[in-house]
Structure formats: structure tokens, C-alpha cells
Amino acid sequence: MQKFSKIAERIINQRLIKFANASRLYSIRQTGSLAQRGTFDARISLKHWVQEAQMAGLKATTMFLDIKGRFDNGDHGTLLRRLRLKDTSEYMTRWISNFIAYRQCAIIFLGSLRNMKGINTGIPQGFPLSPIRFVIDVEPLHLCLDPISELIISNVDDIQVTVSSPSWRTNTQLIEEAY
């Protein structure tokens with residue numbers, strides 16, 4: 001039974017990735033956990049953009065952020081609402097909902113009883129759906145930062161915000177506004 005579950009998880013994950021791509025559930029500036037968009041692409045994009053700014057006589061500043069604990073703390077309701085808003089097929093939405101809604105865990109100490117408790121947040125980091133789910137979760141950050149930042153790239157839970165201007169002071173103000 002467990003092998004069937006793993007196969008089903010991978011199939012749903014592949015379908016969700018295709019759907020997320022077709023429905024624009026993630027930003028074009030996201031890398032990692034997506035086919036043909038890796039860390040190397042993010043690094044090359046940043047390098048190219050900074051060199052272009054420097055050739056134009058501008059000063060470039062980058063802020064790097066790491067979202068801690070997102071896999072463990074992602075809100076299930078938010079994910080399901082976003083999927084429904086983008087017209088995700090009902091079978092896929094229900095499958096994801098059932099998986100994340102009926103999980104339980106227990107903390108077991110030597111000699112203690114097993115008291116299972118329901119889990120309302122997060123998806124296990126090793127679960128095939130975790131990376132694409134995180135990419136979908138981070139997409140609104142791109143929308144918020146686009147007007148402020150000249151370049152924002154995220155790689156799963158790592159985000160870089162880059163700005164350029166003629167002065168370091170202006171860059172500092174822009175980075176503070178983005179933060």
C-alpha cells in the first residue's frame with residue numbers, strides 16, 4: 001500500500017507542476033523545484049543584471065532572504081484557496097486536501113502512550129509535493145516586491161531582491177522598503 005501511495009504522490013506532483021506552469025501559479029522569476037530553472041539560472045541572472053547596472057554607471061545592491069520553517073508552517077487553507085481560484089481540477093484539489101487534512105503525528109517517549117494529534121499546517125519536507133507547494137506559496141511575494149525591486153529571484157525558500165540607482169543611499173532606502 002505504501003508503494004502505491006508514493007506512486008500516486010509523484011503522479012499528482014507531476015500534474016500539479018504542469019498545471020502550475022499553465023495557470024501561472026508561480027512567478028517567472030522563481031527557480032528551483034521547477035524543470036529547467038535551477039540555482040545556476042538564478043546566479044547567472046543576478047550576475048548579468050548587476051553587470052548591466054554597473055555598465056550603466058549605477059550601483060547595485062542585493063538583499064538575500066531565507067524563509068525559515070515554511071515547509072512546516074504552510075497554511076493548508078491558503079494553498080487550497082489559491083488552487084481553486086486558478087481552476088485546479090476538483091480531483092487534484094481534493095487529493096491534496098485529503099492528504100494534508102488527515103495527517104497525524106505523535107511524540108513518543110520511552111514508556112509513554114501514543115496519543116496521535118491532527119496536524120493543521122505544513123507538509124513533510126520529503127513529500128514530493130513540498131517543493132511545488134512552496135513555489136506556489138511564495139508567488140505573492142513576487143507580486144508585492146515587483147514595484148519596488150528591479151530584480152527579484154527566488155529559489156524555493158531563498159529570495160534575493162536587487163535594486164540599482166546612482167547612489168548607495170537610494171539603494172538602502174529601496175532595500176529597506178522591500179524588506
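Contact here means heavy atoms within 4.5 Å. With that in hand, welcome to a few close-up views of this predicted model.

**Figure 1. The whole chain, with its seven helices and six strands.** Let us start with the overall layout. Along the sequence, the elements follow the pattern α-β-α-β-α-α-α-β-β-α-β-β-α. Of the 179 residues in the chain, 41% are buried. Taking contacts between residues at least 6 apart in sequence, 65% join residues at least 24 apart.

**Figure 2. An open sheet of four strands, in the order β1-β5-β6-β2.** The pairing in this sheet is mixed. β1 (30–31) and β2 (59–66) each have a single partner strand and stand at the edges, so one side of each is left without a neighbour in the sheet. β2 pairs with β6 (residues 158–165) in the antiparallel sense, over eight bridges. To find your place in this pair, look for Met63, whose bridge partner in β6 is Val161.

**Figure 3. Helices α6 and α7 packed on the sheet.** Helix α6 (residues 130–145) touches β1, β5 (151–155) and β6. The direction of α6 makes about 170° with that of β5. Helix α7 (residues 168–178) touches β2 and β6, and its direction makes about 25° with that of β2.

**Figure 4. The two faces of helix α7.** Which residues of α7 are buried? They are Asn171, Ile175 and Ala178. These three cover an arc of only 60° around the axis, which puts them on the same side of α7. The cover over them includes β2, α6 and β6. Turn to the face away from this buried side and you meet the exposed residues Arg169, Glu176 and Glu177. A reminder helps when reading a view like this one: an α-helix has 3.6 residues a turn, so residues three or four places apart point the same way.

**Figure 5. The crossing of helices α4 and α6.** Helix α4 (residues 76–85) packs against α6 at an angle of about 80°, and their axes are 11 Å apart. The two helices are therefore roughly perpendicular to each other. Which residues meet where α4 and α6 pack? From α4 come His76, Leu79, Arg82 and Leu83, while α6 brings Arg133, Ile136, Asp137, Glu139 and Pro140. Sorted by class, this contact has four nonpolar, one polar and four charged residues.

**Figure 6. The buried and exposed sides of helix α4.** His76, Leu79, Leu80, Arg82 and Leu83 are the buried residues of α4. They lie on the same side of α4, because they cover an arc of only 160° around the axis. On the other side of the helix, Arg81 and Leu85 are exposed. After α4 comes Asp87, and its phi is positive, near 60°.

**Figure 7. Thr93 and the residues it touches.** Thr93 sits in helix α5 (residues 90–101). Is Thr93 buried or exposed? With 0% relative accessibility, Thr93 counts as buried, since the cut-off for buried is under 20%. Leaving aside residues up to four places away in sequence, Thr93 touches Leu80, Leu83, Arg84 and Thr88. Leu80 and Leu83 will be familiar from the previous view, as both are among the buried residues of α4.

Technical notes:
Residues numbered from 1 in each chain as written. Predicted model: local features only at pLDDT ≥ 70, side-chain atom pairs only at ≥ 80, totals over all residues. Heavy atoms only, no water. Pairing = 2+ DSSP bridges. Axes fitted to C-alpha atoms, helices over the stretch in contact; angles between N-to-C directions. Parallel < 35°, antiparallel > 145°, perpendicular 65-115°, else oblique. Nonpolar A, V, L, I, M, F, W, Y, C, P; charged D, E, K, R; others polar. Buried < 20%, exposed > 50% of the residue type's maximum accessible area, 1.4 Å probe, protein only. Arc of directions from axis to C-beta.
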